[in-house]
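Me: I'd like to learn how to read a fold feature by feature. Could you walk me through one with me?

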Amino acid sequence: MSDGTAGTATVEDLDVRLERHRVELTGYCYRMLGSSFEAEDAVQDTLVRAWRSFDKFEGRSSLRSWLYRIATNVCLDMLTAGNKRARPMDLTEATPLARAALSPRPDHTWLEPMPDTRVLPTVQDPAEAAVAKESVRLAFMAALQKLPPKQRAVLILREVLAWKASEVAELLDTSVASVNSALQRARATLAERAEAGADAEVSDPLDEEQQKLLERYVAAFEGYDMAALTALLHEDAVMTMPPFDLWLTGHDDITGFMTTIGAACEGSRLLPVEVNGLPGFAQYKPDPEKGGFTPWAVQILEISDGRLTGFHFYLDTRRWFPLFDLPLHLDGDTDEVEQGA
């Protein structure tokens, strides 16, 4: 883990050294907090604290370890309120289409999406890259939310980031025995909870079959062809739409919703995005006022056994599209994009 120790550094040198760790720290804080924006705030706070107190850093550990210690303390402080982020299926039972109603909950309720580029550092080892992607998938993120904050930190540091127990003990100012005990309890809690979407099978990069499935999905969705979409959905597929707590299961209710309450999505366009270690799309629906297409949702797709098992629509586009650096308008004729402010 070592990346050098403290020494004489100019302000510019220090800024560069700290900035090198932004992506991996954002990934860590995101797994801890379950919120895209809170994670970025936590990392900014971490880097500011490190910059201000760098003269006290004596180099007894690596700069990276020191930054993780600061970030952990920032996250634990933010989690003292006890808020646990969730998916709709963590809060309510599935709603039959006949009783479907769009009831929003506050932003802080929801587990939030995150672009891969903001949380997954570039690595050369395909196996390491696959583990990193699996560790930000919605199902795993939701499982982490079941853990007390310190158990969450131990599990992430040991299982995801592959720190030694002694390193985690030093970071948390505790004993190796305490770290091992916390890890066992965290593993037991996760084993007890079978999470929807945990069996998502997405290779990195996508294999030929998965790529063809996504191409068929785009054609079915953009064509609003419910028969074609039904053929792609697992019989127990799940659809969620935060900030609404409604969630649907089964292709009949899903396609029924899309042709009734969700009928305004007909004629949409999809742009691919990489989100939470899974394939996804930015959805733009027709804009009747300006023409062209307006942002509507960031979609995250879960795939298993050659079918779509889950697709999750994050509808707060004023928040999500800028986070993903997505255009705020698509031209209807040329598909040229107009970048939003």
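Me: Let's start with the surface: how much area does the chain expose, and what share of it do carbon and sulfur atoms supply?
Reply: Happy to help! This is a predicted model, and its chain exposes about 16200 Å². Carbon and sulfur atoms supply 49% of that area. As for the interior, buried residues make up 50% of the 341 residues.

Me: Which secondary structure elements should I look for, and how many are there?
Reply: Look for 15 helices and six strands. Among contacts with a separation of 6 or more, 66% are between residues 24 or more positions apart.

Me: How do I read the sheet, and in what order do the strands lie?
Reply: A general idea to begin with: in a regular strand, side chains alternate between the two faces of the sheet. Here six strands form an open sheet with mixed pairing, in the order 2-1-6-5-4-3. Strand 2 and strand 3 (269-275) are at the edges with a single partner strand each, so one side of each has no neighbour in the sheet. From one strand to the next, the twist averages 20 degrees.

Me: How many bridges join the antiparallel strands 1 and 2, and how many join strands 5 and 6?
Reply: Strand 1 and strand 2 run antiparallel and are joined by four bridges. The two form a hairpin with two residues between them, and valine 238 has threonine 249 in strand 2 as its bridge partner. Strand 5 (residues 293-304) and strand 6 are also antiparallel, joined by seven bridges; there, serine 304 has arginine 307 in strand 6 as its bridge partner.

Me: Which helix packs on the sheet, and which strands does it touch?
Reply: That is helix 14, which touches strand 1, strand 2 and strand 6, its direction making about 45 degrees with that of strand 1. In helix 14 (residues 251-258), Ile254, Thr255, Gly256, Phe257 and Met258 are buried. Their cover includes helix 12 (208-222) and helix 13 (226-232), along with strands 1, 2 and 6. Strand 2 is itself largely enclosed by the rest of the structure, because five of its six residues are buried.

Me: How do I describe two packed helices, such as helix 9 and helix 10?
Reply: In general, use the angle between the axes and the distance between them. Helix 9 (residues 149-160) and helix 10 (residues 165-172) pack at about 145 degrees, with axes 10 Å apart, and their crossing is right-handed. Val154, Leu157 and Arg158 of helix 9 meet Ala165, Val168, Leu171 and Leu172 of helix 10. By class, the contact has six nonpolar residues, no polar ones and one charged.

Terms used
Residues numbered from 1 in each chain as written. Predicted model: local features only at pLDDT ≥ 70, side-chain atom pairs only at ≥ 80, totals over all residues. Heavy atoms only, no water. Axes fitted to C-alpha atoms, helices over the stretch in contact; angles between N-to-C directions. Left-handed = near helix turned anticlockwise from the far one by under 90°. Contact = heavy atoms within 4.5 Å. Nonpolar A, V, L, I, M, F, W, Y, C, P; charged D, E, K, R; others polar. Buried < 20%, exposed > 50% of the residue type's maximum accessible area, 1.4 Å probe, protein only. Areas by Shrake-Rupley, 256 points an atom, 1.4 Å probe, with all protein chains shown as cover. Pairing = 2+ DSSP bridges.
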